[in-house]
Amino acid sequence: MWEGEVVKETFLKSLDFKTSPALIYDIDSIKSKSLQTLKILNKFPTWQLYFSMKASRSPIILQTIASLEEIGIDVSSVYELQFAKTFRFKEISATGPSFNTTAIEGLSQNSQLRFYFDSMEQIRAVPISLMRHWHSGIRISVPSNLSRFDYSRFGLSREDIKSINQTPTLSCLLRHVHVHFEMTSIDEWKRVVKHISSVIPNPSNVYTI
């Protein structure tokens, strides 16, 4: 047992979790792992690393991630978006069914943020003129063998995407694709990419996944 583990074990024993539940974060480890991941991704110039706020809303963790500058933040609600702004992340990705028309139109004014439409209802609620000048995208539903659902519950279906492609003013949305899927291996990643290629009419025109 190395010195750090002895210190942690002693510290844990000193806490009375029966009366004071607590979360303990190893900030140095989080920062170290983040830097290791960035080092790997630096080999792929077109890749960008984002941290999902769903994983943790702890201020100290968000501050640590934001301080690395090269990592963006992914949010799923207006609340999370406002919270993310306090840490000054340079890149922000947003998607989710909770964004209403007013919120989406407000997001279009933020040049550092890319919004991924989660449903046809959201797309229909936004003026067509906005689509022509906004670098937004879509979230697609992908097959899942990791849950009780055949497809992920959120995102656009194959039929929705076909409808978008047939509407010239909306086809630009197909250039940026968001996928929310638990990928634990390269095989899962390949399967998701294969699905994207099968549902997007012109996959070579996709700029962002």
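This is a short dialogue on reading the nonpolar core and the aromatic pairs of a predicted model.

Reader: Where should I begin: which residues have the most contacts inside the largest nonpolar core?

Author: Begin with Ile-73, Phe-115, Ile-138, Ile-140 and Ile-200, which have the most contacts inside that core of 46 residues. Helix H3 (residues 59-67) gives the largest share of this core, four residues.

Reader: What is Ile-73 in contact with, leaving aside its neighbours within four places in sequence?

Author: Its partners include Tyr-50, Phe-51, Met-53, Leu-62, Phe-89 and Ile-92. Glu-91 and Ser-93 are also among them.

Reader: I see rings too. How many aromatic pairs does the structure hold?

Author: There are six aromatic pairs in the structure. In general, a pair of aromatic rings is described by the distance of the centres and the angle of the planes. Take Tyr-79 and Phe-83: the ring centres are 6.2 Å apart and the planes lie at 15°. Planes under 30 degrees apart count as stacked, so this pair is stacked.

Reader: Where do Tyr-79 and Phe-83 sit in helix H4?

Author: They are four residues apart in helix H4 (residues 78-85), so about one helical turn separates them. Phe-83 also pairs with Phe-87, with 5.2 Å centre to centre and 85° between the planes, an edge-to-face pair.

Reader: Is Phe-87 buried or exposed?

Author: Phe-87 is buried, at a relative accessible area of 16%. Phe-83 is partly exposed at 21%, while Tyr-79 is exposed at 52%.

Reader: Which residues form one aromatic cluster?

Author: Look for Phe-44, Trp-47 and Trp-189, which form one such cluster.

Methods
Residues numbered from 1 in each chain as written. Predicted model: local features only at pLDDT ≥ 70, side-chain atom pairs only at ≥ 80, totals over all residues. Heavy atoms only, no water. Core = buried A, V, L, I, M, F, W, Y, C linked by side-chain atoms within 4.5 Å. Buried < 20%, exposed > 50% of the residue type's maximum accessible area, 1.4 Å probe, protein only. Helix = DSSP H or I, 4+ residues; strand = E, 2+ residues; numbered from the N terminus. Contact = heavy atoms within 4.5 Å. Phe/Tyr/Trp six-rings, centres within 6.5 Å; stacked < 30°, edge-to-face > 60°.
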